[in-house]
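Let's walk through this model together, beginning with the place where two chains meet and then turning to one chain and a handful of charged pairs.

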Amino acid sequence: MPTAFSQPPVTREMIAFHGLNDEEYAKIKEILGREPNYTELGIFSVMWSEHCSYKNSISLIKTLPREGDNLLAKAGDENAGAVDIGDGLAVVFKIESHNHPSAVEPYQGAATGVGGILRDIFTMGARPIAALNSLRFGSPDNPHVRFLVDGVVRGIGDYGNSFGVPTVGGEVYFDESYTGNPLINAMAVGLVKDDGIVSAVAKGKGNKMMIVGSKTGRDGIHGATFASEELTEASQEKRPSVQIGDPFTEKLLVEATLEIIKEGLIVGIQDMGAAGITCSTSEMSAKGEAGIRLDIDQVPVREEGMTPYEILLSESQERMLVCVKPGKEAAITEIFDKWGLDSKIIGEVTDDGMMTVTLHGEVIAQIPSDCLVLGGGAPVYTREVKRPKYLDEITKIDMNSYSLERNWNEDLFSLLSAPNICSKGWVFEQYDSMVRTNTVLGPGSDAAVLRLRKTRKALAISTDCNGRYCYLNPRIGAQSAVAEAARNIVCSGGKPLAVTNCLNFGNPYKPEIYYGFKEAITGMGEACTVFGTPVTGGNVSFYNEDPDRAVFPTPTIGMVGLIEDINHITTQWFKDEGDIILLIGQNEEHLGASEYLHAIYKQNAGEVPPLDLEYEHRIQQFLLNAIRSRLVKSAHDVSDGGLAVALAECCISNQERQIGAVIELADDIRPDCLLFGETQSRIVISCSKEDEKELTMKMTELNLPFSNLGTVGLDRLVINDLIDLHITALSKAFFDAMPKFMEKVG
Amino acid sequence: MKFGVVTFPGSNCDYDAYAAVRFVLGQEVEFLWHKSSDLCNADVIILPGGFSYGDYLRGGAIARFSPIMEEVLQFASSGGPVIGICNGFQVLTECGLLPGALMRNSHLRFSCKYVHIRVESDQTPFTHGCTVGEVLNIPIAHGEGNYYHFDKEIKELEDNGQVVFRYCEADGSITEKANPNGSIAGIAGICNRGGNVVGLMPHPERAVESILGSADGLKILNSVNDYKKVTAQA
């Protein structure tokens, strides 16, 4: 630390480099009543970046339903949402993106994405119990894409495996729109006693502020700003903006953090992610309606000669800022010493509402905390919206152009081995999905399921989004993401509780992009209202574009559901010979937006099949009640690849016990639509012969459409005279595809 | 019977081992902190899975220098039963209680899945309740589980009956396909000459309740739990 620090003069170029426009700079001058100095400019730059301020999204996000039963922390309240699940427990969860870092440095980008989301969970006092990842890449035919997949998967695996959180599920999708800008959305779920939730607040004049965990280095400076611009060729040069993860330190940090919380030593705590010390200081003090004075020379650093600017903006990982209860400083240090981590007093709470930074007693930056944060003085914009022209063209398809003289067996093989449908075991086996010994269902069924020790209950967790649907119709696409997540939870025997979202879009300053964003928010809000699943928070990631294109609008939904009794846990695969297979819902003649058109005809085209939210909700409620009455032996939703793929998955997805099925479909619709169309709101269930009547009577009473599809048994999947395949062949197509295309050389 | 579970700072299966002993086996169990030199009168020592000290260098490479390992060495040399699971197995080879080394998986990736292992020896405290040839369904979760030793030493291990578990198919046959990490001779677990120190890569503590997929791991924990009683009667 230099004893004297001279601030470089603020120039126009410097302001532009910091990503602040004229209007924003004028506002800064108005707030301060003077020109900002270099350090202050850096602080405003990161706090008012899109990543931290949500300036182009917050006005729409506020329209999402945020109220619900049993919410202990609502959207915007804390680092993550929290829901009371009874038995004195609360579940804490959140999803977040780490797209841009992963695009330029896949291993560290993905690893630190996992690290960041885990800290969001344990900073609230919750023990992380599960992680999921929703990943999107370009076509795996592209060797660079395979390099990204490999690095991202290793990064997620190495971090989560070492930290000791089971990675229990998620999604992996491939589409060319994600070629240069993959989407890496990491979700974490934690458990805490319902009275044990800790707040990210600093208050009480004179209370000490401590930095704990890793030392501060030069890594990740301006990461938040980097996340708030489009990727270009030059982005590779920003690799130093990517942080470096250390899961071992994070493991020590979680133990030490949970210990100081349990011992009642703290007023509040906030992790340091984007914008590092700057963000945690301003947010904690703004929340406490207090101020914080930071003695920047007291921060433990990794290298000599770091300037206050660098220390304030560093995004070094595995650090937390703690507001300490009076007199508990030594007790905190004792605990951090035990775990071999630094803990140091770097300032204290004031009552002037200012974030004040001093260097050897001299004030070098002073800004009202409230002016820096979302909901305070950070800018809020309403952006222009324009319906993109492509929507008029691309949704029209000519059904006559798709031949009906096809070998449907071959088409089913093609779909089962298509990158978007095939088993992602190659990915998931690289994650420890079982550590902590609560995983009842890991990756590979409709939702992940974790039992809750010492209770009868379990949690069901799912992430979902069909980017193609959102590209073709962002509103229905977002509705479908919520509906599918809820359907997956219900198929596993759970009641959907609440949602966290990760909104991945292109540049918000392009009106066509913003149209998609606005429509998606509208659709998501409508669906969450119907399913009674409030949005508890999440994250917005704009500027997901490479020089060629923007990504598909991708509003990823992470949903948590509660299974009341572990006996209700239901899996997707068929169980016993002679069981009856029923379809809840109705087959209609749709082919638009299907994976079939994508896989066979290389088209992302057509109308997204309509979705009636109320009807979908009724179907889900019926299924949940039937599962709770123990009438259902398996349940699997029909989604990508349609009915034939869903049935094949029911036959083969349990590799230990694969079984065939004989299916007779009476619908008078085109065979391609019948087998592979993606009509919404359909679920394949199986039940014992004895229970069939009770189920069908109930559906008749409720006026729900259903049909008897056939019987479980033998070793072939037979559908009318269209499909007739041995389950071993289906299994080979489904399970061997990903290792084959990932281990392709060149 | 009292169990001690060693906690290195980066252990992450310590709680799982603790829970298996305490809640499923119903036995007394205590965590043993790595900086401590007190085994708390434990009758059995478990070295759990995880990443003892981060293990960026090599699994278990630093753990052998910790104070608690001094005590574990003493305990083992006096015949006390010690089991090293996954990272614990790595620690046992690093500190010389077990021969050989665990290299990176031959496919160079972390691998987490259920595998089958065949019991090759019932002459250890941890397998005496099993029968030779019995097949157990137990998960693995490791990146460095590729067991290796020189041919001569492998032959010695085989001749002395020190190979305790081997990866196999569900029917017990030993195939290359069933070997998840390239281990020489399909070795999943071994013991020392005395048989009281066992190391294995699969996680028996994860397979103790059928709701989690398998309860076969209980056979290993039950073996050692009954062991003292058997020897006491003898």
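A salt bridge here is a side-chain nitrogen of Lys or Arg within 4 Å of a carboxyl oxygen of Asp or Glu. By that rule, 3 salt bridges cross the interface of chain B and chain A. Please keep in mind that this is a predicted model.

**The interface**

How many residues does each chain bring to the contact? Chain B contributes 32 residues and chain A contributes 33 residues. Together the two chains bury about 2,600 Å², and 56% of that area is on carbon and sulfur atoms. On the side of chain B, R109(B), F110(B) and I211(B) stand out: they supply 23% of the area that chain B buries against chain A, more than any other three residues.

Polar contacts add to the picture, with 14 residue pairs counted between chain B and chain A, both residues at pLDDT 80 or more. Which elements of chain B give two or more residues to the side that touches chain A? They are α1 (14-25), β6 (111-119) and β7 (135-142). Of these, β6(B) gives the most, with 5 residues. By residue class, the side of chain B that touches chain A divides into 17 nonpolar, 7 polar and 8 charged residues.

**Chain B by itself**

Chain B is built with 5 helices and 11 strands. Its radius of gyration is 16 Å, close to the 17 Å that the globule rule gives for 234 residues, so chain B is as compact as a globular protein of that length. Along the principal axes, the C-alpha atoms of chain B fill a box of roughly 45 × 40 × 35 Å. Buried residues make up 60% of the 234 residues in this chain. Among contacts in chain B with a separation of 6 or more, 75% are between residues 24 or more positions apart.

**Salt bridges**

Over all chains, the structure holds 55 salt bridges. Four of them are set out here, with the distance between the closest N and O atoms.

| Basic residue | Acidic residue | Closest N and O atoms |
|---|---|---|
| R451(A) | E209(B) | 2.9 Å |
| R109(B) | D150(A) | 2.8 Å |
| R154(A) | D150(A) | 3.1 Å |
| R34(A) | E40(A) | 2.8 Å |

D150(A) is a handy residue to follow, as it appears in a bridge with R154(A) and in another with R109(B). R154(A) and D150(A) both lie in helix α8 (residues 143-163) of chain A, 4 residues apart, about one turn of the helix. The bridge to R109(B) instead crosses between chains, running from D150(A) in helix α8 of chain A to the loop between β5 (101-103) and β6 of chain B.

Are these arginines buried or partly exposed? R109(B) has 14% relative accessibility, so it counts as buried, the cut-off being under 20%. R154(A) has a relative accessible area of 24%, which makes it partly exposed.

The pair of E40(A) and R34(A) also joins residues of unlike exposure: E40(A) counts as buried at 1% relative accessibility, whereas R34(A) counts as partly exposed at 36%.

Finally, some salt bridges share partners, and in this way K208(A), R293(A), D295(A) and E348(A) are joined into one network.

How values were computed: Residues are numbered from 1 along each chain as its sequence is written. Chains are lettered from A and ligands numbered from 1 in the order in which they are written. This is a predicted model: local features need pLDDT of at least 70, side-chain atom pairs count only at pLDDT 80 or more; totals for chains, interfaces and linings use all residues. Side-chain values use heavy atoms; hydrogens and water are left out. Contact means heavy atoms within 4.5 Å. Buried area is the accessible area (1.4 Å probe) that two parts lose on being put together, summed over both. A polar contact is a pair of N or O atoms within 3.5 Å; within protein, one must be able to donate a hydrogen and the other to accept it, and residues adjacent in sequence count only if both atoms are side-chain atoms. Ala, Val, Leu, Ile, Met, Phe, Trp, Tyr, Cys and Pro count as nonpolar, Asp, Glu, Lys and Arg as charged, and the others, Gly among them, as polar. The radius of gyration is taken over C-alpha atoms; the globule rule is 2.2 Å times the number of residues to the power 0.38. Buried means under 20% relative accessible area, exposed over 50%, partly exposed in between (1.4 Å probe, protein chains only).
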